[in-house]
Structure formats: structure tokens, C-alpha cells
Amino acid sequence: MRLENKVAIITGAASGFGEGMAKRFAEEGARVVVADLNAKGAEQVAEEIGGNAIWTQTDVSLRSEFDEMIYAAKSAFGRIDIMVNNAGFTHRNGDMLDVDEETFDLITAVNMKAIYHAALAVVPIMDRQGGGVILTTASTAGLRPRPGLTWYNASKGWAITATKSMAIELAPKNIRVNCLCPVAGETGMLEKFMGADTPQIRERFRASIPLGRLSTPLDIANAALWLASDEAAFITGVALEVDGGRCI
């Protein structure tokens with residue numbers, strides 16, 4: 001039980017990587033807050049986990065909803081040990097000049113500003129508790145960008161830099177800050193990453209990954225579990241590539 005007696009908030013946890021993390025963390029003893037804009041999906045995941053989970057409908061682009069999520073977590077479980085910024089958004093693969101401003105603003109709000117909201121909300125709590133873990137789902141897009149995803153790529157590069165800077169600043173508070181850099185995986189955003197979902201395009205994406213397959217929620221959940229656990233107590237400021245060799 002690597003997360004026994006730990007309380008974890010996971011955003012974007014109604015599906016994909018976030019769902020995988022929520023269920024894997026719970027298997028290892030964590031009490032989990034399943035947060036997502038998709039209320040029905042979040043409720044279902046929490047019900048599947050059982051008594052050690054609650055769900056909240058949360059729009060991470062809004063500080064007010066972030067505060068409500070934190071209140072729900074504290075009310076249910078009394079503390080917050082792990083904050084996982086997993087919710088993400090992307091534009092469709094294509095010409096960067098075709099991305100409208102509304103979409104650009106949503107990418108920055110969900111992929112970037114939500115990390116700021118999370119820090120304002122949880123750092124004081126973790127400081128009072130004597131430490132904690134902040135983990136963000138970044139992307140290989142922030143390390144080795146694919147064409148056609150310029151503004152998404154840029155947002156994930158920002159997330160990686162924010163992770164490293166936060167790690168330095170929060171180390172004296174015993175708050176570890178790391179991020180995951182998954183390669184494209186079987187999530188709801190895959191079709192947008194590819195531009196279109198055809199066997200030929202899928203094969204092109206797989207061919208760019210040395211281990212020959214896309215990532216899975218379990219791949220990402222296992223990496224997140226380690227970074228969130230005390231086994232990684234001396235690890236901070238890391239952008240961990242979970243990519244089958246894509247970034248080599």
C-alpha cells in the first residue's frame with residue numbers, strides 16, 4: 001500500500017489517464033477526489049472505486065471551482081497530500097494559424113493557468129501539513145513537438161518549465177513537484193492529436209515510438225504512482241518521459 005493514508009486530488013479523472021491514476025492510487029491505499037468537468041463520468045469512476053473516493057464537477061479554468069473542489073476534499077478526508085493536475089485540452093492537429101482565439105484561450109486556461117490555481121489552493125495546505133506532492137500531466141509535446149500541434153506543444157513546454165521552477169521554490173517546504181511526459185495514448189484527445197483517426201495515421205504515430213505502441217492509462221498511472229509515493233522522496237523537478245522511447 002504505497003499511498004496508504006494519503007489523500008489525492010486528480011483532475012480530468014473521469015476518463016483516460018486521470019481515470020487510470022484514480023483507480024491505481026486507490027488500489028494502493030489512497031483516498032481519491034475524482035474531479036472532472038464531466039460530472040456523470042466522475043461520479044461513475046468514484047462509484048467504481050468505492051468508499052475511498054468522492055467526485056466533484058470541476059472546471060479547472062475557474063479559481064472559484066478549484067476552491068470548491070479543495071473544500072470538498074478537506075471536508076471528506078481532512079487533508080490533501082497529492083495534487084495531480086491532469087486535466088488537459090488541445091486543438092485539432094493542423095495549421096497553427098487556423099486555431100481560433102477562443103480555443104487558444106481554453107488551452108492556456110486548462111493546461112497552464114490551472115497549475116497556477118492549484119498552487120494557490122494547495123501549497124498553503126501542504127505547507128501546514130509538513131509537505132506534499134504536486135504532479136502535472138505534461139507531454140512529450142513539450143519536449144519533442146509534433147507538427148500541427150504548435151499551441152498545445154507550447155502549453156506543455158510551459159507546464160514543464162513551471163514544474164521545474166516550482167520544484168526549486170517549494171523544496172524548502174518539503175513539497176515535491178514533478179511532471180509526466182506521456183506519448184500519445186488511448187484517450188479522448190487522441191483523435192484531435194492525430195487530426196483524423198484512420199489506420200494509416202495511427203500507424204504513423206506508432207511508428208514514431210520505438211517500443212511500437214501508444215501509451216495506455218495504466219502506463220501513466222504506474223509512473224504517477226511512483227512519483228507520488230514515498231519511494232520517490234528524493235525526486236523533484238523531474239519531467240519523466242513515459243513514451244516508449246519517443247524522445248530519444
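Q: Helices (H or I, at least four residues) and strands (E, at least two) are DSSP runs, numbered from the N terminus. Where, in these terms, is Asn5 found?
A: Asn5 is found in the segment before β1. The structure is a predicted model, in which local features need pLDDT of at least 70 and side-chain atom pairs count only at pLDDT 80 or more, while totals for chains, interfaces and linings use all residues. Residues are numbered from 1 along each chain as its sequence is written, and side-chain values use heavy atoms, with hydrogens and water left out.

Q: Why is Asn5 called exposed?
A: A residue is buried under 20% relative accessible area, exposed over 50%, and partly exposed in between (1.4 Å probe, protein chains only). Asn5 has a relative accessible area of 55%, and therefore counts as exposed. Its phi is near 70°, a positive value in a residue other than glycine.

Q: Why does Ala39 count as buried?
A: Ala39 has 18% relative accessibility, so it counts as buried. This residue is found in helix α2 (residues 39-49).

Q: What makes Glu231 and Arg2 a salt bridge?
A: The term requires a side-chain nitrogen of Lys or Arg within 4 Å of a carboxyl oxygen of Asp or Glu. In this pair the closest N and O atoms are 3.4 Å apart. By this rule the count comes to 14 salt bridges.

Q: Why does the pair of Glu231 and Arg2 tie together parts that are apart in sequence?
A: Glu231 lies in the loop between α8 (217-228) and β7 (239-242), and Arg2 in the segment before β1 (7-11), so the pair links parts that are 229 residues apart in sequence. Glu231 is partly exposed at 49% relative accessible area, and Arg2 is partly exposed at 32%.

Q: What makes Arg24 and Glu27 a salt bridge?
A: Their N to O distance is 3.1 Å, and the limit is 4 Å. Both residues lie in helix α1 (residues 16-27), 3 residues apart, about one turn of the helix. Arg24 counts as buried because its relative accessibility is 15%, whereas Glu27 is exposed at 51%.

Q: Which residues are joined into one network by salt bridges that share partners?
A: Arg24 also meets Glu28 in a salt bridge (3.4 Å, N to O), and both Arg24 and Glu28 are buried. Salt bridges that share partners join Arg2, Arg24, Glu27, Glu28 and Glu231 into one network.

Q: How do you know that Cys181 is too far from Cys179 for a bond?
A: A disulfide is a pair of cysteine sulfur atoms within 2.5 Å. The sulfur of Cys181 has its closest cysteine sulfur, that of Cys179, 4.5 Å away, and this is therefore too far for a bond. Cys247 is in no disulfide either, the nearest cysteine sulfur, that of Cys181, being 6.9 Å away. By this rule the count comes to 0 disulfides.

Q: What forms the negative surface patch?
A: The patch is formed by Asp100, Glu101, Glu102 and Asp105. Patch residues have over 30% relative accessible area and no salt bridge, with like charges joined within 9 Å and nonpolar side chains (Val, Leu, Ile, Met, Phe, Trp, Tyr) within 5 Å. Accessible areas come from the Shrake-Rupley method with a 1.4 Å probe, and for residues only the protein chains shown count as cover. Asp and Glu count as negative, Lys and Arg as positive, and His and the chain ends are not counted. The place of a charge is taken as CG of Asp, CD of Glu, NZ of Lys or CZ of Arg. Glu101, in helix α4 (residues 101-129), counts as exposed because its relative accessibility is 61%.
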